[in-house]
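Here is a friendly walk through a protein fold, written for someone who would like to find their way around the model on screen. Have the viewer open and follow along.

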Amino acid sequence: MFDEAEAREMASSIREFCEEDFEAVTRLWRAARELAFPDFQRKKGHTFAEDCDYFRNVILQNNDIWVAEADGRVAGFLAIAGDFVDQLFVHPDFQRRGVGRDLLDHAKHLSPEHLFLYTFQVNVNGRAFYEKNGFVAVRFGVSPAPESEPDVEYHWRGKDER
């Protein structure tokens, strides 16, 4: 475990996604999801090829993608459309090192008044992370098909917004 000072020293750099990032980002997306909600991943049983297709044809098409690098590797990514955080994942090797916070801070910079996102209710670590970073749960529901999983809608409001 890293202490706060060590984690800050290892902070990531954020840059725009480029095509050369595709495989590394898609692999970290899969590894992070398997760690965060393994039962869901097993139940859905998507292959890596299916993940690649979804990432290329849905996530890349509907979002601006930002990549976090740390220790010379792709460590995490943010997919954002306006004030909607569609995806924010950190590779398991880089979790609890400030990468997620750096990506979330970047999202707040891009949309300084408001952000919102959804996460699965079973994503206990993710929910704690968002709440620690100022997000408030506003609705508990069920995600649309094909997921159809219990989820939580979170909102963050910038300091100047009342």
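## Starting from an aspartate

Aspartate 151 lies in strand E7. This is a predicted model, so please read each value below as computed from its atoms. Is aspartate 151 buried or exposed? Its relative accessible area is 4%, and because the cut-off for buried is under 20%, aspartate 151 counts as buried.

Which residues does aspartate 151 contact, leaving aside its neighbours within four places in sequence? One group is Tyr118, Thr119, Phe120 and Gln121. The others are Arg139, Phe140, Gly141, Val142 and Ser143.

## The sheet

Strand E7 belongs to an open sheet of seven strands, in the order E1-E2-E3-E4-E5-E7-E6, with mixed pairing. At the edges are strand E1 (13-16) and strand E6 (136-142), each of which pairs on one side only. From one strand to the next, the twist averages 30°.

Two neighbouring pairs show what mixed pairing looks like here. E3 and E4 run antiparallel and are joined by six bridges; leucine 78 stands opposite leucine 88 in E4. E4 and E5, by contrast, pair in the parallel sense over two bridges, and valine 85 has leucine 117 in E5 as its bridge partner. E5 is mostly covered, with six of its seven residues buried.

## Helices on the sheet

Helix H5 packs on the sheet, where H5 touches E1, E2, E3, E4, E5 and E7. The direction of H5 makes about 30° with that of E3. Helix H6 (residues 124-132) also packs on the sheet, touching E4, E5, E6 and E7. The direction of H6 makes about 165° with that of E5.

## Two nonpolar cores

In soluble globular proteins, nonpolar side chains tend to be buried together. In this model the largest nonpolar core has 21 residues, and those with the most contacts inside it are Leu78, Val85, Leu88, Val99 and Phe135. At least two residues of this core come from each of strand E2 (64-70), strand E3 (73-81), strand E4 (84-90), helix H5 (99-110), strand E5 (114-120) and strand E7 (150-157). Which of them gives the most? H5 does, with four residues.

Phenylalanine 135 is a good residue to click on. Not counting residues up to four places away in sequence, phenylalanine 135 touches Leu104, Lys108, Leu115, Leu117, Tyr130, Tyr154, His155 and Trp156. A second, separate core has 19 residues, among them Val25, Trp29, Ile59 and Ile65.

## A pair of crossing helices

Helix H2 (residues 22-36) and helix H4 (residues 48-62) pack at an angle of about 110°, and their axes are 10 Å apart. That angle makes H2 roughly perpendicular to H4. H2 passes H4 in a right-handed crossing.

From H2, the contact is made by Phe22, Glu23, Val25, Thr26, Arg27, Trp29, Arg30 and Arg33. From H4, the partners are Phe48, Asp51, Cys52, Tyr54, Phe55, Arg56, Ile59 and Leu60. Val25, Trp29 and Ile59 are also included in the second core.

## Out at an edge strand

Serine 13 is in strand E1, one of the two edge strands. With a relative accessibility of 39%, serine 13 counts as partly exposed. Leaving aside neighbours within four places in sequence, serine 13 is in contact with Val67, Ala68 and Glu69. Between the C-alpha atoms of serine 13 and arginine 56 there are 23 Å, for residues 43 apart along the chain.

Note on methods. Residues are numbered from 1 along each chain as its sequence is written. This is a predicted model: local features need pLDDT of at least 70, side-chain atom pairs count only at pLDDT 80 or more; totals for chains, interfaces and linings use all residues. Side-chain values use heavy atoms; hydrogens and water are left out. A nonpolar core is a set of buried Ala, Val, Leu, Ile, Met, Phe, Trp, Tyr and Cys residues joined through side-chain atoms within 4.5 Å. Buried means under 20% relative accessible area, exposed over 50%, partly exposed in between (1.4 Å probe, protein chains only). Contact means heavy atoms within 4.5 Å. Two strands pair if DSSP finds at least two bridges between them. Axes are lines fitted to C-alpha atoms, for helices over the stretch in contact, and angles run from 0 to 180 degrees between N-to-C directions. Angles under 35 degrees count as roughly parallel, over 145 as roughly antiparallel, 65 to 115 as roughly perpendicular and the rest as oblique. A crossing is left-handed if the near helix is turned anticlockwise from the far one by less than a right angle, and right-handed if clockwise.
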